[in-house]
Amino acid sequence: MGKLDDIVSLCKRRGFIFPGSEVYGGMAGTWDFGPLGVMLKRKIMDAWWKYFVEDREDMYGVDAAILMNPRTWVASGHVDTFNDPLVECKSCHGRFRADKLADGLNESVTTEEFLAAGAKCPTCGKSDWGEIRKFNMMFSTHVGPVADETSVAYLRPETAQGIFTNYKNVVDTIYPDLPFGLAQQGKAFRNEISPRDYILRDRECSQMEIEYFVAPGTWEEHFEKMLAASHDFLENVIKLPASAIHELEVVPEDRAHYSKRTVDIEFDYPNGREELMGLAYRTDFDLSNIARESGKNMDYRDKNTGEVFVPHVIEPSIGVERLILAVLASAYAEDEVGGSSRVVLRLPETLAPYRFCVSPLLKNKPELVSKAQEVYAALRAKYGNVTWDDSGNIGKRYRKQDEIGTPKCVVVDFDTLEDGTVTVRDRDSAEQVRIKPEQL
Ligand SMILES: [Zn+2]
């Protein structure tokens, strides 16, 4: 596992992840994906979609608008409860999340509890605090030309409500049998007081969420199945090391306002153990709130028994950036090849931005170049994500492909012209074999 600084540096150097709006000095809590990063990100998101939606018969997708009727966030409880405890240092006027300044505090910390903890200001070192106030983390904006309180809207703080508000549309149009799930991938926004830990706690993130609708008495069974599926996905599809994945049963006082049971799946990140994804039993909280706020019926009628009820919900929710950092941290390694040290990203073949890199041994030999281009075109037609590199010497090309995680480098040399075989060099072992390109 790599250190965070090394991963940040590699990601910038090789075009995976850049600081957001860097040319203007950046913007805290935002990150941009470069050419290599966007390939990795899409592969991870596609793998999730295939595993949880396409390969199952009980899952459907939706893609809802980011801007939603503001009543959504009243009904969901976000207007009232999506708060962090904010405290200001009276000496330097720095503002901080109170619960992060001392051990043993949680999000519902009171001013008295906070003062008793004796925290010092991280900026000036003094201990001269104001009252804690609730800070709502939703980004607000105005819709239309008039900026008054009737035009306030929010950038969605979770993708879940875009699913819940379409539950009735889906039931009325495709009549799915219970249990069934609605999946969505998309952006969510949180006005974090202090974004930190690289892409772990950013203000704008991509989520992959499922609302899995079940009959009320069956939630425990489906919760366990979804937990098992989550482990299977992380360990066998994304291939994160099982030893770095841990379950945390979230205690009632730390659970979100809507949840009756939550298990956080945590990961051993370079800077410590942190949440990777959450699995929450949301009861009928959301659908019942929507029914109350909208006056519309959210009942489900069982086709076999005729029973009518509001379904309960199991929600697996994973942040794409959190998953990307787990993948990068697991893949990052430094070792020695042929007496010199190198950095290598041991990405699974299915996630690596490029599957093969093709090069001619020498770029000033037209017969090598044209043969290499033939091999390159054939591999591209077969796999799509194949890259070409004829820069520098062969050693430098290998170093570069190791750093971006390309599993195999294919080199066309003079023997190729004789017997049609190419050198295939393996990223992880650095071993080389000679085979015909058709065997790849
Ligand atoms: Zn201060």
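## A walk around one sheet and three loops

Start by selecting strand S19 (residues 356-360) and strand S21 (residues 408-412): these two run parallel and are joined by five bridges. Keep in mind as you click around that this is a predicted model. For a specific pair, pick Ser359 and look across to S21, where its bridge partner is Val411.

Now zoom out to the sheet these strands belong to. Five strands make up an open sheet, with mixed pairing, in the order S20-S19-S21-S22-S23. Its edges are strand S20 (386-388) and strand S23 (432-435), each of which pairs on one side only. Look along the sheet for its twist: on average, neighbouring strands are turned by 25° against each other, ignoring direction.

Go back to S21 and look at its other neighbour. S21 and S22 run antiparallel, with four bridges between them. Select Cys409 here, and you'll find its bridge partner in S22 is Arg425.

Next, show the side chains of S21. Which residues point one way from S21, and which the other way? Lys408, Val410 and Val412 go one way, while Cys409 and Val411 go the other. That fits a general pattern: side chains in a regular strand alternate between the two faces of the sheet. Is S21 mostly covered or uncovered? Mostly covered, with five of its five residues buried. Lys408 is included in that buried set, so give its side chain a look while you're there.

Time to add helices. Select helix H11 (residues 366-383), which lies across S19, S20, S21 and strand S22 (422-426). Its direction is at about 165° to S19. Then add helix H12 (residues 394-404), lying across S19, S21 and S22. H12 runs at about 155° to S21.

Leave the sheet now and hunt for some backbone oddities. As background, most residues other than glycine have a negative phi, and most peptide bonds are trans.

First stop: Leu178 and Pro179. The peptide bond joining Leu178 and Pro179 is cis, with omega about -5°. Pro179 sits in the loop between helix H7 (167-174) and strand S9 (180-189).

Stay in that loop and select Tyr175, which also lies between H7 and S9. Its phi is near 45°, a positive value in a residue other than glycine. Is Tyr175 buried or exposed? Tyr175 counts as exposed because it has 10 other C-beta atoms within 10 Å, and the cut-off for exposed is 12 or fewer.

For another positive phi, jump to Ser21, in the loop between strand S1 (17-19) and strand S2 (31-33). Ser21 isn't a glycine either, yet its phi is near 40°. With 11 other C-beta atoms within 10 Å, Ser21 is exposed.

Finally, hide the details and bring back the whole protein chain. You should see 13 helices and 23 strands. Along its principal axes, the C-alpha trace spans about 75 × 65 × 50 Å. Of the chain's 440 residues, 34% count as buried. If you're building a contact map, here's a number to check against: among contacts between residues at least 6 apart in sequence, 63% join residues at least 24 apart.

Key: Residues numbered from 1 in each chain as written. Predicted model: local features only at pLDDT ≥ 70, side-chain atom pairs only at ≥ 80, totals over all residues. Buried ≥ 20, exposed ≤ 12 C-beta atoms within 10 Å, placed from the backbone. Contact = placed C-beta atoms within 7 Å. Pairing = 2+ DSSP bridges. Axes fitted to C-alpha atoms, helices over the stretch in contact; angles between N-to-C directions.
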